[in-house]
Amino acid sequence: MSRPVLILFAHPAYEKSRVHVAVAAAVRDLPGVTFHDLYEEYPDLDIDVRREQALLTAHEVVVFQHPFYWYSVPPILKQWMDLVLEHGWAYGASGRALEGKTLQVAMTAGGREQAYGPEGFNRFSFREFLVPVEATARLCRMHFAEPWVVPGTHVMDAAGIAAAAESYAALIRRLGEG
């Protein structure tokens, strides 16, 4: 891969997720990919800001991989954003560390796709729920890639999970190739 990819993985109940286990396995060892499990690295939630900033500096593509968690990101990923994306480093007049890099969201949702839209149970689309993440990318002068979403994981069979894992690996390879 010509563009190194950093996957920031956050799943508060990883051992229960059939889909994330499969999609993580599909990308974890790809060349040029750094798979960084935030809950594994920081079980006490004490995030090493300088270490995380160094990881961001070393990669051109940043992927937030997580389940759709209470209409947002899991708590450790929100905390990571709050602490790591500092004014004067990630944004602000002198904060240009992430300028030109790509931010990709890769998430799963238990509900089916039709539940997410103006006529659906949740009334808003996935893209609408992700506006805060997109705004964060824009603030940091990053390119916000079209989110990759796997809905309906609660009813997904083994073939669907395998297809999602293959699709995700292909996405990560494309992102790495630029």
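How many residues of strand β2 (residues 33-37) are buried? The answer is 4 of its 5, so mostly covered is a fair description, given that buried means under 20% relative accessible area, exposed over 50% and partly exposed in between, with a 1.4 Å probe and protein chains only. Everything here comes from a predicted model, where local features need pLDDT of at least 70, side-chain atom pairs count only at pLDDT 80 or more, and totals for chains, interfaces and linings use all residues. Residues are numbered from 1 along each chain as its sequence is written, and side-chain values use heavy atoms, with hydrogens and water left out.

**View 1. The whole protein, with 7 helices and 6 strands.** Helices (H or I, at least four residues) and strands (E, at least two) are DSSP runs, numbered from the N terminus. Along the sequence the pattern reads β-α-β-α-α-β-α-β-α-α-β-β-α. A compact globule of 178 residues would have a radius of gyration near 16 Å, and the protein agrees, at 16 Å. That radius is taken over C-alpha atoms, and the globule rule is 2.2 Å times the number of residues to the power 0.38. Along the principal axes, the C-alpha atoms fill a box of roughly 45 × 35 × 35 Å. Buried residues account for 49% of the 178.

**View 2. Strand β1 (residues 5-9) beside β2.** These two pair in the parallel sense over 5 bridges; strands count as paired if DSSP finds at least two bridges between them. Look for Leu6, which stands opposite Thr34 in β2. Between the two strands the chain passes through helix α1 (residues 18-27), and this β-α-β crossover is right-handed. Right-handed here means that, with the strands pointing away from the viewer, the path from the first strand over the helix to the second runs clockwise.

**View 3. Strand β4 (102-108) and its partners.** All the way along, 7 of the 7 residues of β4 are buried, so the strand is largely enclosed by the rest of the structure. In a regular strand the side chains alternate between the two faces of the sheet. Here both faces are covered: one side has Thr102, Gln104, Ala106 and Thr108, the other Leu103, Val105 and Met107, all of them buried. β3 (61-67) runs parallel to β4 and is joined to it by 7 bridges, with Val62 opposite Leu103. Leu103 also stands opposite Phe144 in β5; β5 (residues 143-144) pairs with β4 in the parallel sense over 2 bridges. Strand β6 (residues 148-150) runs parallel to β4 too, over 3 bridges, and Val149 in β6 is the bridge partner of Met107. Finally, β3, α4 and β4 make a right-handed β-α-β unit.

**View 4. The largest pocket, about 500 Å³ in volume.** Rolling a probe the size of a water molecule over the atoms shows where empty space is left. On a 1 Å grid over the protein atoms alone, a cavity is a set of points where a 1.4 Å probe fits but cannot get out; a pocket is an open set with protein on both sides within 12 Å along at least five of seven lines, and lining residues have an atom within 4 Å of a point. Grid points are joined across faces, edges and corners, and a volume is the space filled by probe spheres set on the points. Of the 20 lining residues, Pro67, Ala109, Gly110, Thr153 and His154 are the closest to the centre of the largest pocket. Helix α1 gives the largest share of this lining, 3 residues. The lining splits into 9 nonpolar, 9 polar and 2 charged, where Ala, Val, Leu, Ile, Met, Phe, Trp, Tyr, Cys and Pro count as nonpolar, Asp, Glu, Lys and Arg as charged, and the others, Gly among them, as polar.

**View 5. The one cavity of 30 Å³ or more.** Its volume is about 50 Å³. Among the residues lining this cavity are Leu56, Val62, Trp80, Leu103 and Met142. β3 and α6 each supply at least two lining residues. By class, the cavity lining has 10 nonpolar, 1 polar and no charged residues.

**View 6. Two positive phi angles outside glycine.** Leu45 has a phi of about 65 degrees and sits in the loop between α2 (38-41) and α3 (49-57). Arg123, at about 70 degrees, is in the loop between β4 and α5 (126-129). At 36% relative accessibility Leu45 counts as partly exposed, whereas Arg123, at 57%, counts as exposed.
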